[in-house]
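Let's take a walk through this model together, one neighbourhood at a time. Have the sequence and the coordinates open as you read.

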Amino acid sequence: MNDTPKRHLLDLTTSELQVWCEARGEGKYRATQIRKWIFGKRVEAFDECHDVPAKLREALKAEFDLFRAEVIAHKVATDNTEKLLLSLPDKQLVECVLMRETKRRTICISTQVGCAMGCVFCASGLEGLKRNLTQGEILEQVLRLDRLITDPQERITNVVVMGIGEPLANLGNLIPVLETLNEKGGMGLGARRITVSTVGLPEKIRDFAKLDKAFNLAVSLHAPNDELRNKLVPVNDNIGIDQILAAADEYFEQSGRRVTYEYVLLSGVNDAPEHAQELGRLLKGRISHVNLIPMNEVEGLDFVEPTSPRTKEFVQILEQYGVPATVRKRKGADIDAACGQLRLKHEQQVTLDLPG
Ligand code: SF4
């Protein structure tokens with residue numbers, strides 16, 4: 001009996017799968033065939049890859065798992081947003097979300113188990129970083145969410161890498177994921193339909209720019225000055241807003257893509273007209289866009305979203321500085337769709353259920 005654990009097929013890039021096929025006396029094109037079934041045809045098992053020779057399918061089954069995570073919760077919100085809580089082989093938990101909007105099918109995926117950035121308003125930051133997700137574990141979220149779409153004509157149209165974790169802190173594993181999302185033999189999504197969100201790690205933003213693709217960059221700013229940002233996003237203490245904006249400017253120059261600045265509105269903390277003015281001065285003249293996010297209330301955290309007039313005033317002030325701003329629509333509010341909430345709840349539940 002062979003006790004060697006199977007590998008995750010999704011950990012292999014196209015060229016690695018080509019090498020594997022060639023080592024079994026098959027042409028490189030078999031790798032393209034296999035990936036077409038997996039990424040384009042929503043198969044659940046290697047046996048469903050009908051034009052792949054039976055012998056090669058047997059070899060795939062013997063050596064690889066296609067899916068490795070277990071779905072331990074699947075929630076559907078009244079607005080049809082769906083959220084999955086996945087348990088990985090080492091029992092770590094990860095979340096991912098599918099959002100539906102007229103023609104768009106946007107998915108939000110996670111890159112780490114937990115997060116080291118410690119943003120004070122975030123459920124994922126509460127328990128720190130456990131580990132990075134592998135390439136396969138990130139891609140499995142994409143495939144699991146894709147398989148929630150039952151209409152064969154419907155496809156995922158947009159991907160936001162904005163779930164649990166700091167994506168650029170796991171850039172090595174994220175790059176092959178982005179390539180697969182973008183590749184014709186993969187998900188075939190244009191780079192402009194893929195957004196990577198970061199708390200702002202300047203050197204990593206520069207590495208990301210070196211990919212020389214038109215991926216969207218979203219920088220989670222959340223405060224217009226270092227004093228306040230250090231309190232809300234503790235990692236800022238070692239970086240500073242100026243460094244982040246300089247790296248984001250370089251990203252724009254390299255990619256030609258307008259940078260989005262994310263700003264979670266916390267009532268009484270960062271939502272005053274003076275904050276909007278300071279943010280307006282900071283971003284004036286930059287080809288950018290501000291995405292204001294109403295705070296999703298998290299159990300155990302005291303932050304709440306501002307009233308609607310206060311939010312509108314914030315938008316108007318930014319517009320006076322020539323900075324376009326939109327307020328993000330709330331999706332899946334009734335299923336804890338904010339980053340990390342479901343995972344945190346589940347872990348707390350498990351802790352409560354433990355004897356003693
Ligand atoms: S908001 Fe994002 S970067 Fe901040 S702690 Fe949460 S997951 Fe990490």
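Is glutamate 154 buried, partly exposed or exposed? Glutamate 154 turns out to be partly exposed, with a relative accessible area of 23%. Please keep in mind as we go that this is a predicted model.

Glutamate 154 has a partner worth looking up. Arginine 105 forms a salt bridge with glutamate 154, and their closest N and O atoms are 2.9 Å apart. The pair ties together distant parts of the chain: arginine 105 sits in strand E6 (residues 104–108), while glutamate 154 belongs to the loop between helix H4 (135–146) and E9, 49 residues apart. The two ends of this bridge fall into separate accessibility classes, because arginine 105 has a relative accessible area of 11% and is buried, whereas glutamate 154, at 23%, is partly exposed.

Stay in that loop for a moment and find isoleucine 149, which also lies between H4 and E9. Isoleucine 149 counts as buried, at 2% relative accessibility. What does isoleucine 149 contact, leaving aside its neighbours within four places in sequence? The list holds Arg42, Leu98, Arg100, Arg105, Glu154, Arg155 and Ile156. Both members of the salt bridge we have just visited, arginine 105 and glutamate 154, are therefore in contact with this buried isoleucine. For a sense of scale, the C-alpha atoms of isoleucine 149 and leucine 266 are separated by 34 Å, with their positions 117 residues apart along the chain.

One of the contacts of isoleucine 149 is Arg42, so let us follow it, remembering that arginine 42 is itself buried at 14% relative accessibility. Arginine 42 lies in the loop between H2 and H3. Its phi is near 55°, a positive value in a residue other than glycine. A second residue with this feature is aspartate 212, which has a positive phi of about 55° although it is not a glycine. You will find aspartate 212 in the loop between H6 and strand E11 (216–220). Here the surroundings contrast, because aspartate 212 is exposed, with a relative accessible area of 51%, while arginine 42 counts as buried.

The loop between H2 and helix H3 (54–63) also holds proline 53. Proline 53 is partly exposed, with a relative accessible area of 24%. Apart from residues up to four places away in sequence, proline 53 touches Glu26 and Arg30. The C-alpha atoms of proline 53 and arginine 30 are separated by 9.1 Å, the two residues being 23 apart along the chain.

Now for the charged pairs across the whole structure, where a search finds 22 salt bridges. One of them joins the side chains of glutamate 183 and arginine 35, at 3.3 Å from N to O. This pair also links distant parts of the chain, with glutamate 183 in the loop between H5 and strand E10 (194–198) and arginine 35 in helix H2 (residues 29–40), 148 residues apart. Glutamate 183 is partly exposed at 28% relative accessible area, but arginine 35 counts as buried at 4%.

A local example is the salt bridge between the side chains of arginine 206 and glutamate 203, at 2.9 Å from N to O. These two are separated by about one helical turn, because they are three residues apart in helix H6 (residues 202–209). Glutamate 203 counts as exposed, at 52% relative accessibility. Elsewhere, Asp47, Arg57, Glu58 and Lys61 are linked in a network of salt bridges.

Which charged residue is buried yet has no salt bridge? Glutamate 166 is such a case, and the nearest side chain of opposite charge, arginine 229, is 7.9 Å away. Glutamate 166 is found in the loop between strand E9 (158–161) and helix H5 (171–182). Its side chain reaches the backbone nitrogen of leucine 168 at 3.0 Å. Not counting residues up to four places away in sequence, glutamate 166 touches Thr111, Gln112, Cys115, Met117, Ser197, Thr198, Val199, Gly200 and Leu201.

Two of those names, Cys115 and Met117, lead us to the ligand. Nine residues surround the ligand, and the closest are Cys115, Met117, Cys119, Cys122 and Gly165. By character, this shell divides into five nonpolar and four polar residues, with no charged ones.

Methods
Residues numbered from 1 in each chain as written. Predicted model: local features only at pLDDT ≥ 70, side-chain atom pairs only at ≥ 80, totals over all residues. Heavy atoms only, no water. Near = heavy atom within 4 Å. Nonpolar A, V, L, I, M, F, W, Y, C, P; charged D, E, K, R; others polar. Helix = DSSP H or I, 4+ residues; strand = E, 2+ residues; numbered from the N terminus. Buried < 20%, exposed > 50% of the residue type's maximum accessible area, 1.4 Å probe, protein only. Lys, Arg positive; Asp, Glu negative; His and termini not counted. Salt bridge = Lys/Arg side-chain N within 4 Å of Asp/Glu carboxyl O. Polar contact = N/O pair within 3.5 Å; in protein donor to acceptor, adjacent residues only side chain to side chain. Contact = heavy atoms within 4.5 Å.
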